[in-house]
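Please study the sequence and the three-dimensional structure shown below before attempting the exercises. Each exercise is followed by a worked solution.

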Amino acid sequence: MKSLWNEKEADACKESDGELGLRAYSSRLLGADESLVLAGGGNTSVKLSEPNVLGEDVELLYVKGSGWDLSEIEPPGFAGVRMDHCLRLLELPELTDAVMLNELKTHCTLASAPTPSVETLLHACLPFTYVDHTHADAVVTLTNLADGEARVRDVYADRVLYVPYVMPGYDLAKYCADLWVREGRGDLEGIVLLKHGMFSFGQDARESYERMISLVNQAEDYLRTQGVWELSLPSKESPPHLDAPSLAALRQSLSTVAGFPMLLRANRSPRALAFARNKQWTDAHKRGTATPDHVIRVKRSPLLGRDVTAYAESYGESFSRNAEKVAGGERLAMLDPAPRLVLDPELGLLSAGRRPSDCAVAEAIALHTFDIVERTEALGGYEPVGELDLFRMEYWELEQAKLSKLGTPLVFAGEVALVTGSASGIGRACVNSLRSRGCAVVGIDLDSAEPAIDYLPIVGDLVDSEFVEDSIAKAVEAFGGLDILVLNAGLFPPTQRLEELDDETWSKTMALNLDANQRLLRLCHPFLKLSPIGGRVLVVGSKNVLAPGPGAAAYSASKAAMTQVARVAALEWAASGIRVNVLHPNSVFDTNLWTPEILEKRAQAYGMTVEEYKCRNLLKTEVSSHDVAEAACELCGPRFSKTTGAQVPIDGGEERVV
Ligand code: ZN
C-alpha cells in the first residue's frame, strides 16, 4: 500500500475550501482504496476553531456525516459538532445511542448538516486535530484470528493502543475515552479495534493519513513474513457454461422469501469459483462478516448452495434466539430473511439486492472477505465477531437508519427488463423510463450505448439467433433473470407500392419485425415465467395494424402479424402469470425510422406538408418517444396488473382507428 498524497492537489483543496477541503481530500484518498474502506464504511474528522454568529470562537469537531462515502466526500459531507458538548457527553456514566445521536444532531452548527457519524464521540476524545478510521483488510485479517491480539501487539508494540471488540457507538467511545485517560500518549499513532478496524491520528492531515498507510503496511508486511500474503492462484480454465435457468430460479426463490423482487448478480471469475468450491473457506465465511458494519449489506452469513428456504428458516431462528438476549429485543421486527450473498460451486459468487448498486456493494464486500478468510484460515482460522454482536449491529437502529436514508424503493426496483432497438428512438426512451423507475435494463441494438451499473447495452443483430441466446444469458448473469420484455426493434423500409415490392425487402422486414420477435418470445419465456411478480411483455406495434398506409405493405403486415402473435402469447402465457400487451404508436417522429427523406415521402403520399403530416391526428398533437415509453412502463407496472392482451393506441387519436 502506497501513500497517494499529492502536495499539489492537497494545496488546491486547502486553497478552495480551507482546512475542511484538506480534510475532504485525505478522506477521499482513504476512500479510494477498497482494501481500506468499502461501501460507506470508515470515518474521518478534523477539529477546528471557528467564530459563531456572536463572534465567539467555538471549538468544533467536523466529522463525516453518515450516508456519505469517503471516496467522494466533499466539505458539506462533514457535520460540525460542538466539541465541548461531545466531551461532556463522554463524562456521563452511560447513554443510549439514540439519545447520543440526538445530542449530536442538536449540537451541530448547521441545521442542514448531515447526521454525524456514530463514531463521533470516539473522534472527539482523541486529542489530535486529524483522526482517520478504516476497516483495513490487513488489520481485520490479523484481528479476526483467535490469537489476533497477540499478533497485532507483535506488529505494532507501543505505537498504538489496543481495544477489544466493543459495540460501536457510545460504549466504544466511552471505552476509548477512558483508555486514553489511562494510557494515552502524544507519541501514539493509532488505536487497533479488535475484529473491527484501525484509527490513526495526527496534528495535520498528511500525518494522520500517512500513519494509517504505514500502520496498514506493517500489517501487510507481517502477513508477508507469515507466508500468507500471496493468495492461491485460481485455475486458468474458463468457467463452465452458465446455467441461466438455474440462476433465474434461484433469484425467484430469493425474491419469494424476501417478499419483493431482487436482482442477483453473478460473478464467475476464477477467483469467485475457486472460493465457492473450497469447503474450508466457505464454512469459514459463514462465521460472520470481516468487520461489523458489513452486516447491514450482506447479513451475517452467505447462503452456501441453493437451499434458500433453509437459509430463511435459520435466519428466523437466529433472529428469535438473539432478539431474546438484547434489551428491547421483543420490539424488534425481523428484516427480510433472504441472503445477500450466495456461494455456489457452479454459479460462483452471487450478490443480491434491490438495486444494482446494492449487488455491487455486496460483491465488493465478498471479494475482500474472500482474501481475509483465505489468509486467516492459513494462519489458524477465521474468527470474526460473534453472532450476538453481529445481531446487535444488524438490528442497531442507527445502522438501519443508514439504509432507510436510501428512501422507498422505486416501482421496478429489483426487476430486469430487456429492450430491443435500445440505442435510439422509442427503445432508448423505454430504457430511460424503465431505469428512472428503478429497473435494471439490458438493451440490444446494432448501435452501442454507454453502459452503467443499471444498464447493460449489448451490440448485435437480433436476426442472429445464437447472438440472441447469448444476450439473454448475459442479461441473466448480470441481473439474475428477466421480468419485462420490450419488443421494440423494427425495420421501416422505404415506401414501395405492392407492385414494386421486392422479395428481399419483404423478407428482411419480416425477419426483424416478426421472426426475431417470435424467437425472442420463445427464448425469454423460461425466464419471464420465473419473474417474482409475473413476467410482462410489451410489444411496440403500430397504428398501421389497425389503419395501414399505402406503400407500407411489408411493415404493416409484419406489425399486424406480430400483434396476432402477442395476442396468442397473452392467451397461452396467462397461466404462468405473464401479461402481454401491445402499444400502437403513430406520428412518433423523434426516431431513427423517420429520416427527413422518409418523412417527406410519407407527407407527399398523403398530399400534405411535413408539418401537417406530423400533427395529423384528432388531438393535433405531436407524440414523442418519451410519451410511448411512459405508456409502455405503465402497461408493465402495477396500475395495469389486471390487464393482458390489450392493444392501446398512442397516436393523438386516429380517425381511421377511432
Ligand atoms: Zn468502524
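The exercises below concern a predicted model and proceed from the whole chain to single residues.

**Exercise 1. Describe the protein as a whole: its secondary structure, its extent and its surface.**

Solution.
Step 1. Begin with the secondary structure, which consists of 24 helices and 18 strands.
Step 2. Turn to the extent: the C-alpha trace spans about 100 × 60 × 50 Å along its principal axes.
Step 3. Consider burial. The protein has 658 residues, and 57% of them count as buried.
Step 4. Consider the surface. Its accessible area is about 27,300 Å², and carbon and sulfur atoms account for 52% of this.
Step 5. Consider the contacts between residues at least 6 apart in sequence. Of these, 73% join residues at least 24 apart.

**Exercise 2. Identify the protein donors of the zinc ion and state how they are spaced in sequence.**

Solution.
Step 1. Name the donors: they are His133, His135 and His196, each through its NE2 atom.
Step 2. Give the distances: these donors lie 2.1 to 2.2 Å from the zinc ion.
Step 3. Write the spacing of the donor residues, which is H-x1-H-x60-H.
Step 4. Add the burial: histidine 133 and histidine 135 are both buried.

**Exercise 3. Determine where serine 117 lies, whether it is buried or exposed, and what its side chain reaches.**

Solution.
Step 1. Locate the residue: serine 117 belongs to the loop that runs between helix 3 (97–105) and helix 4 (120–125).
Step 2. Apply the cut-off for burial, which is under 20% relative accessible area. Serine 117 has 4% relative accessibility and therefore counts as buried.
Step 3. Examine the side chain: that of serine 117 reaches the backbone nitrogen of glutamate 119 at 2.9 Å.
Step 4. List the contacts of serine 117 beyond its neighbours within four places in sequence. They are Asn43, Val63, Lys64, Gly65, Ser66 and Leu104.

**Exercise 4. Compare the loop positions of lysine 195 and lysine 299, and state the phi value of each.**

Solution.
Step 1. Place lysine 195 in the loop between strand 6 (190–193) and strand 7 (197–202).
Step 2. Place lysine 299 in the loop between helix 12 (295–298) and strand 9 (303–304).
Step 3. Give the phi values. Phi of lysine 195 is near 60°, a positive value in a residue other than glycine. Phi of lysine 299 is likewise positive and near 60°.
Step 4. Assess the burial of lysine 299: its relative accessible area is 5%, so it is buried.

**Exercise 5. Analyse the salt bridges of glutamate 207, arginine 340 and arginine 536.**

Solution.
Step 1. Note the total, which is 33 salt bridges.
Step 2. Take glutamate 207, whose side chain meets that of arginine 211 at 3.3 Å, N to O. The two residues are four apart in helix 8 (residues 205–225), and therefore about one helical turn separates them. Glutamate 207 is partly exposed at 30% relative accessibility, whereas arginine 211 is buried at 16%.
Step 3. Take arginine 340, which pairs with aspartate 336; their closest N and O atoms are 2.7 Å apart. Arginine 340 is buried, with a relative accessible area of 14%, and aspartate 336 is buried with 17%.
Step 4. Take arginine 536, which forms a salt bridge with glutamate 415 at 2.5 Å, N to O. Arginine 536 lies in strand 16 (residues 536–540) and glutamate 415 in the loop between helix 16 (397–404) and strand 12 (416–420), so the pair ties together parts that are 121 residues apart in sequence. Arginine 536 is buried at 3% relative accessible area, and glutamate 415 is buried at 1%.
Step 5. Add the network: Arg437, Glu630, Glu634 and Arg639 are joined into one by salt bridges that share partners.

**Exercise 6. Which residues make the nonpolar surface patch of about 360 Å², and is leucine 619 buried or exposed?**

Solution.
Step 1. Name the residues of the patch: Leu618, Leu619 and Val658.
Step 2. Locate leucine 619, which is in the loop between helix 23 (610–614) and helix 24 (625–636).
Step 3. Apply the cut-off for exposure, which is over 50% relative accessible area. Leucine 619 has 64% relative accessibility, so it counts as exposed.

Key
Residues are numbered from 1 along each chain as its sequence is written. This is a predicted model: local features need pLDDT of at least 70, side-chain atom pairs count only at pLDDT 80 or more; totals for chains, interfaces and linings use all residues. Side-chain values use heavy atoms; hydrogens and water are left out. Donors are N, O and S atoms within 2.8 Å of the metal (3.2 Å for Na, K and Ca); water is not among the atoms, so sites may look incomplete. Buried means under 20% relative accessible area, exposed over 50%, partly exposed in between (1.4 Å probe, protein chains only). Patches are made of residues with over 30% relative accessible area and no salt bridge: like charges are joined within 9 Å, nonpolar side chains (Val, Leu, Ile, Met, Phe, Trp, Tyr) within 5 Å. Accessible areas come from the Shrake-Rupley method with a 1.4 Å probe; for residues, only the protein chains shown count as cover. A salt bridge is a side-chain nitrogen of Lys or Arg within 4 Å of a carboxyl oxygen of Asp or Glu. Contact means heavy atoms within 4.5 Å. A polar contact is a pair of N or O atoms within 3.5 Å; within protein, one must be able to donate a hydrogen and the other to accept it, and residues adjacent in sequence count only if both atoms are side-chain atoms.
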